[in-house]
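Got the viewer open? Here is a short tour, one selection at a time.

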Amino acid sequence: MSIEDLPRNPLPLWVKLLIIVCCLPLAAYPWLLSASAPGEENKWLLYLYPIAVILYAICAWKSWARRPELTWILLIMLLLTHAAMWALAYL
């Protein structure tokens, strides 16, 4: 059985909206950078944060067709990444 034989699930509108809403905290990225302490050695994590969010969203979007459970795992990881970056900047 090849991968082409597996059934595909179309991405519903509510999942598209959910992925987009999960990426919205990235809009506060400038405030997140300004809140972090200057000269901090963890600042490079804040610079990689937008790239990680975009990659999580793309992978979650593409994985729904074959593995919807992977989409849920990626969205949870995305939300945990948001929480970790906010904690890194403000705590």
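A word before we click: a contact here means heavy atoms within 4.5 Å. And keep in mind that this is a predicted model.

Start with Met85 and show its neighbours. Leaving out residues up to four places away in sequence, Met85 touches Leu32, Leu45, Leu46 and Tyr49.

Now widen the selection to the core around it. Met85 belongs to the largest nonpolar core, a set of 21 residues. Ile19, Leu32, Tyr49, Val53, Leu75 and Leu78 join Met85 as the residues with the most contacts inside that core. Colour by helix next: H1 (13-23), H2 (29-35), H3 (43-63) and H4 (68-90) are the elements that give two or more residues to the core. In soluble globular proteins, nonpolar side chains tend to be buried together.

Next, go to the surface. Which residues form a nonpolar patch there? Select Trp44, Tyr47, Leu48, Ile51 and Leu55, which together have about 550 Å² of accessible area. Trp44 sits in helix H3.

Last stop: the cysteines. How many disulfides does the count come to? Zero. Pick Cys22 and draw a distance to the sulfur of Cys23, its closest cysteine sulfur: the gap is 6.9 Å, so it is too far for a bond, given that a disulfide needs sulfur atoms within 2.5 Å. Then try Cys59, which is in no disulfide either; its nearest cysteine sulfur is that of Cys23, 11 Å away.

Before you leave, switch on the surface for these two. Is each one buried or partly exposed? Cys22 is buried, at 7% relative accessible area, while Cys59 is partly exposed, at 42%.

How values were computed. Residues are numbered from 1 along each chain as its sequence is written. This is a predicted model: local features need pLDDT of at least 70, side-chain atom pairs count only at pLDDT 80 or more; totals for chains, interfaces and linings use all residues. Side-chain values use heavy atoms; hydrogens and water are left out. A nonpolar core is a set of buried Ala, Val, Leu, Ile, Met, Phe, Trp, Tyr and Cys residues joined through side-chain atoms within 4.5 Å. Buried means under 20% relative accessible area, exposed over 50%, partly exposed in between (1.4 Å probe, protein chains only). Helices (H or I, at least four residues) and strands (E, at least two) are DSSP runs, numbered from the N terminus. Patches are made of residues with over 30% relative accessible area and no salt bridge: like charges are joined within 9 Å, nonpolar side chains (Val, Leu, Ile, Met, Phe, Trp, Tyr) within 5 Å. Accessible areas come from the Shrake-Rupley method with a 1.4 Å probe; for residues, only the protein chains shown count as cover. A salt bridge is a side-chain nitrogen of Lys or Arg within 4 Å of a carboxyl oxygen of Asp or Glu.
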